[in-house]
Amino acid sequence: MNFAAPLLLSLKLSSVTTLLLLVLGVPFAYWLVFTRFRWKFLVESVVALPLVLPPTVLGFYLLMVIGANSFIGQWYETIFNKPLAFSFQGLVLGSFLYSLPFAVQPIQTAFSSVDKKLLEASWSLGRSNVYTFFRVILPLSRHGIITGCVLSFAHTLGEFGVILMIGGNVPGITRVASVAIYDEVQSLNYGGANMYAAILLSFSFIILAAVFFINRRFVRTL
Amino acid sequence: MKKIVGYGLLTVFILIFGFSLPVQAGDNILIAAASNLRFAMHEICRDFQEENSSIQTKVSYGSSGNFFAQISQGAPFDIFFSADATYPELLEKEGLTAKETQKVYAVGKIVLWFPKNSKVDPDKWVQAVTSTDVKKLAIANPRHAPYGRAAEESLRYYGLWEKVEGKLIYGENISQTAQFVHTGVADAGIVALSLAISSKMLHEGRYWVIPDESHSDIEQIYVVLKKGEGKKSIRKLLDFIHGERGGNILSRYGFVIPSVRSVGDNRS
């Protein structure tokens with residue numbers, strides 16, 4: 001078995017998931033900060049659910065929703081001519097939901113901590129919401145966005161339960177590094193498991209150290 | 001407004017990028033194999049690819065019951081090597097298999113395995129498993145692992161089930177069960193002979209073959225799935241397994257090779 005394949009797959013899954021979370025998470029966080037919607041607290045609770053749910057709960061319901069016998073699963077298979085469960089696409093969907101709070105919450109916090117006076121200044125100078133967002137809010141929220149991205153990336157890299165439930169352990173398609181460890185251990189190949197585990201451990205440490213470093217530098221330059 | 005459009009385009013781009021990357025090369029065989037085959041199937045695939053360098057085999061190992069669930073939910077396997085006859089039968093009932101492709105490829109055996117530092121005498125295994133030397137006994141989960149079912153049947157046959165039930169720990173499949181006893185988490189385990197005589201386990205412990213009459217035959221059946229229907233590469237793989245080289249590997253791992261017959265022939 002190709003040693004690098006699960007690692008590359010993990011990187012690919014984390015990258016695609018993080019990009020997707022960045023692109024969809026930013027407007028979503030913006031909405032959460034500025035909406036007057038009464039039931040916002042419910043939306044926020046749903047976003048935060050993956051923080052407390054056992055991954056098997058998320059995995060089980062996802063499998064029910066996207067599996068071959070479900071409406072969505074069948075609809076997807078008709079259009080793309082292949083099933084959504086046990087595919088890379090299914091993993092992206094699962095990882096997206098699983099890491100959603102890790103992206104949205106830091107970004108939301110950063111957006112809401114931008115000084116309201118600056119926004120009002122921008123608006124009173126006749127700038128639109130969109131202009132204000134890109135030229136005032138976004139630059140001031142850099143650290144929150146970077147933190148959100150890095151945490152989503154790292155969290156997706158460490159995902160295991162959801163992947164095993166909705167992706168199984170299919171080599172080259174859904175066998176990511178965390179699942180490869182499980183597989184190597186069952187092959188009684190503890191050396192192989194150790195290689196993957198050590199790589200994931202160092203990688204996670206480096207990522208977190210980088211976040212703390214960036215945040216520290218950001219605070220200093222403020 | 002432009003930026004919002006840009007955002008939309010970016011999203012679409014990521015989706016297309018992410019969703020189109022994993023393009024499978026032509027002659028791939030995706031195999032779901034019961035985990036008692038873990039080491040034997042590895043050798044089969046290695047030797048098979050030696051003869052057919054253009055074909056790539058990829059194997060996922062797990063419990064047969066788990067694969068049944070995954071395949072029912074749309075898992076993209078071409079062929080399923082089950083550890084029993086039940087799950088292939090159920091898949092056929094669900095219409096997920098290629099017609100008339102079920103075949104017995106091996107008959108398995110179970111063994112009671114002790115780590116080599118164990119003081120237990122495998123010849124007096126009945127006393128051993130009930131003694132305090134064995135605090136934990138590992139078997140595969142009988143709910144979805146055929147080898148676990150065979151283990152349960154044997155324990156009941158010898159009237160040991162009630163005595164050992166409290167110290168059983170359940171592996172998710174037979175190779176996790178082997179892992180439990182190999183790492184010393186359990187003091188003894190009922191595992192597949194094919195795992196016990198693999199190079200990983202052979203010199204790490206001792207085993208005692210549990211007589212066949214104590215459990216129903218572990219007739220292992222493969223079935224070609226809808227996705228693999230008509231694939232030439234699969235025909236070649238099956239010919240290899242039923243051929244001399246494949247047969248030799250399976251017998252070396254302790255399987256009894258049935259004379260070639262299909263399940264259908266068997267019934268009629």
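How many helices and how many strands does chain B have? In this predicted model, chain B has twelve helices and ten strands, and the close-up views below take up its sheets together with helix packing in chain A and the contact between the chains.

**View 1. Helix 3 of chain A against helix 5 of chain A.** The axes of helix 3 (residues 55-66) and helix 5 (residues 88-112) of chain A come within 11 Å of each other, and they cross at roughly 135°. Because angles from 65 to 115 degrees count as roughly perpendicular and those over 145 as roughly antiparallel, this crossing makes helix 3 of chain A oblique to helix 5 of chain A. The crossing in which helix 3 of chain A passes helix 5 of chain A is right-handed. On the side of helix 3 of chain A the residues that meet the partner are Pro55(A), Leu58(A), Leu62(A) and Ile66(A), while helix 5 of chain A brings Gly90(A), Leu93(A), Gly94(A), Leu97(A) and Tyr98(A). Divided by class, this contact of helix 3 with helix 5 of chain A holds seven nonpolar and two polar residues, and no charged residues.

**View 2. Helix 2 of chain A against helix 5 of chain A.** Here the axes of helix 2 (residues 40-52) of chain A and helix 5 of chain A come within 7 Å, with a crossing angle of roughly 110°. The two helices, helix 2 and helix 5 of chain A, are therefore roughly perpendicular to each other, and helix 2 of chain A passes helix 5 of chain A in a left-handed crossing. Helix 2 of chain A makes the contact through Val47(A), Ala48(A), Pro50(A) and Leu51(A), and helix 5 of chain A through Leu97(A), Tyr98(A), Leu100(A), Pro101(A) and Val104(A). The residues of this contact of helix 2 with helix 5 of chain A comprise nine nonpolar, no polar and no charged. Leu97(A) and Tyr98(A) of helix 5 of chain A, named here in the contact with helix 2 of chain A, also meet helix 3 of chain A.

**View 3. The contact between chain A and chain B.** Chain A contributes 28 residues to this contact and chain B contributes 31 residues. On the side of chain A that touches chain B, the elements giving two or more residues are helix 1 (4-34), helix 5, helix 7 (129-140) and helix 10 (177-186) of chain A. Of these, helix 1 of chain A gives the most, with six residues. By class, the side of chain A that touches chain B divides into 19 nonpolar residues, eight polar and one charged.

**View 4. The open sheet 2-1-3-10-4 of chain B.** Five strands of chain B form this open sheet, and their pairing is mixed. Strand 2 and strand 4 (103-108) of chain B are the edge strands, each pairing on one side only, and neighbouring strands of the sheet are turned by 20° against each other on average, direction ignored. Six of the seven residues of strand 1 (residues 28-34) of chain B are buried, so this strand is largely enclosed by the rest of the structure. Strand 1 of chain B is joined by seven bridges to strand 2 (residues 56-62) of chain B, the two running parallel, and Asn28(B) stands opposite Gln56(B) in strand 2 of chain B. Strand 1 of chain B also pairs in the parallel sense, over three bridges, with strand 3 (residues 79-81) of chain B, where Ala32(B) stands opposite Phe80(B).

**View 5. The open sheet 7-6-8-5-9 of chain B and helices across it.** This open sheet of chain B is formed by five strands with mixed pairing, and its edge strands, each pairing on one side only, are strand 7 (168-171) and strand 9 (205-209) of chain B. Neighbouring strands of this sheet are turned by 30° against each other on average, direction ignored. Four bridges join the parallel strands 6 (residues 137-140) and 7 of chain B, and Ala138(B) stands opposite Ile169(B) in strand 7 of chain B. Helix 6 (residues 146-157) of chain B lies across strand 5 (110-115), strand 6 and strand 8 (188-192) of chain B, and runs at about 130° to strand 6 of chain B. Helix 8 (residues 174-182) of chain B lies across strand 5, strand 6, strand 7 and strand 8 of chain B, running at about 145° to strand 8 of chain B.

Terms used
Residues numbered from 1 in each chain as written. Chains lettered and ligands numbered in written order. Predicted model: local features only at pLDDT ≥ 70, side-chain atom pairs only at ≥ 80, totals over all residues. Axes fitted to C-alpha atoms, helices over the stretch in contact; angles between N-to-C directions. Parallel < 35°, antiparallel > 145°, perpendicular 65-115°, else oblique. Left-handed = near helix turned anticlockwise from the far one by under 90°. Contact = placed C-beta atoms within 7 Å. Nonpolar A, V, L, I, M, F, W, Y, C, P; charged D, E, K, R; others polar. Pairing = 2+ DSSP bridges. Buried ≥ 20, exposed ≤ 12 C-beta atoms within 10 Å, placed from the backbone.
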